[in-house]
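Please find my note on this model below. The sequence and coordinates come before the points.

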Amino acid sequence: MKNLILFLALLVFNFGFAQEKFDRVAAENFQKTINSEYADAKTSPLLPEDLKTFQTLDFYPINEKYAVVAKFVKAKKEKPFEMKTSTARKPMYIKYGTVYFTIDGVDLQLNVYRNIDLSKKEEYKDHLFLPFSDLTSGKETYIGGRYIDLKIPKGNTIVIDFNQAYNPYCAYNHKYSCPIVPLENDLNVAIEAGVKKFHD
């Protein structure tokens with residue numbers, strides 16, 4: 001009887017994960033949106049000389065492998081901390097939780113954070129910040145790592161689409177102040193998805 005219950009539990013668990021289908025359209029829309037933003041002088045982080053010749057960012061091909069359904073574990077009793085940035089600015093963040101997932105059979109984990117000031121604004125009340133670096137950093141992608149925007153999940157799983165990983169504004173213009181990827185969010189795998197580096 002115990003084996004039957006365990007089997008049914010595993011079946012429900014695996015079926016629940018299978019229900020999360022890869023959204024290629026969302027990844028394509030992400031590329032279109034960020035290209036439009038960067039091409040517009042009002043919203044672009046690009047330097048004036050780069051904006052003049054800008055056509056598109058360089059992306060890895062969209063790959064379903066890099067859209068994962070991760071286990072989400074909310075952090076408990078975490079204290080706000082000053083996150084280091086590329087300047088003297090030190091915004092307050094709190095570790096909101098940890099995500100656990102697998103890519104190519106490798107078990108991985110990353111911490112997700114919440115910006116204290118940003119979370120007080122209505123449009124960002126459920127926003128989570130996922131900064132990460134990986135084996136492509138400093139080679140095919142920006143040396144400082146990349147970011148992904150997430151929303152607080154309602155359950156204990158969260159979809160992370162690395163096809164929507166983007167560079168900090170600092171990758172394009174040094175006048176910006178960008179959070180530095182915490183050491184614990186350095187992955188020992190190559191995430192060949194999302195935006196590549198801008199300049200060699």
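The numbered points cover the fold, the surface and the nonpolar cores.

1. The model is predicted, and should be read as such. The protein chain contains three helices and seven strands. Their order along the sequence is α-α-α-β-β-β-β-β-β-β, with the helices ahead of the strands.

2. On burial, the protein chain has 200 residues, of which 39% are buried. The exposed area of the protein chain is about 12400 Å², and carbon and sulfur atoms account for 54% of that area.

3. Contacts in the protein chain reach across the sequence. Taking those between residues at least 6 apart, 62% link residues that are at least 24 apart.

4. The largest nonpolar core comprises 24 residues, and Val99, Phe101, Ile160, Phe162 and Ile191 have the most contacts inside it. At least two residues of this core come from each of β1 (67-74), β3 (92-103), β4 (106-115), β5 (127-132), β6 (146-151) and β7 (157-161). The top contributor is β3, which gives four residues.

5. Which residues does Ile191 contact, leaving aside its neighbours within four places in sequence? The partners are Tyr60, Tyr66, Ile103, Phe132, Asp134, Thr136, Arg146 and Phe162. Of these, Phe162 is also listed with Ile191 among the residues that have the most contacts inside the largest nonpolar core.

6. Another core lies apart from the largest one and has 18 residues. Its members include Phe54, Leu57, Tyr93 and Phe129. Tyr93 falls within the range of β3 (92-103) and Phe129 within that of β5 (127-132), and both strands also supply residues to the largest core.

Note on methods:
Residues are numbered from 1 along each chain as its sequence is written. This is a predicted model: local features need pLDDT of at least 70, side-chain atom pairs count only at pLDDT 80 or more; totals for chains, interfaces and linings use all residues. Side-chain values use heavy atoms; hydrogens and water are left out. Buried means under 20% relative accessible area, exposed over 50%, partly exposed in between (1.4 Å probe, protein chains only). Contact means heavy atoms within 4.5 Å. Accessible areas come from the Shrake-Rupley method with a 1.4 Å probe; for residues, only the protein chains shown count as cover. A nonpolar core is a set of buried Ala, Val, Leu, Ile, Met, Phe, Trp, Tyr and Cys residues joined through side-chain atoms within 4.5 Å.
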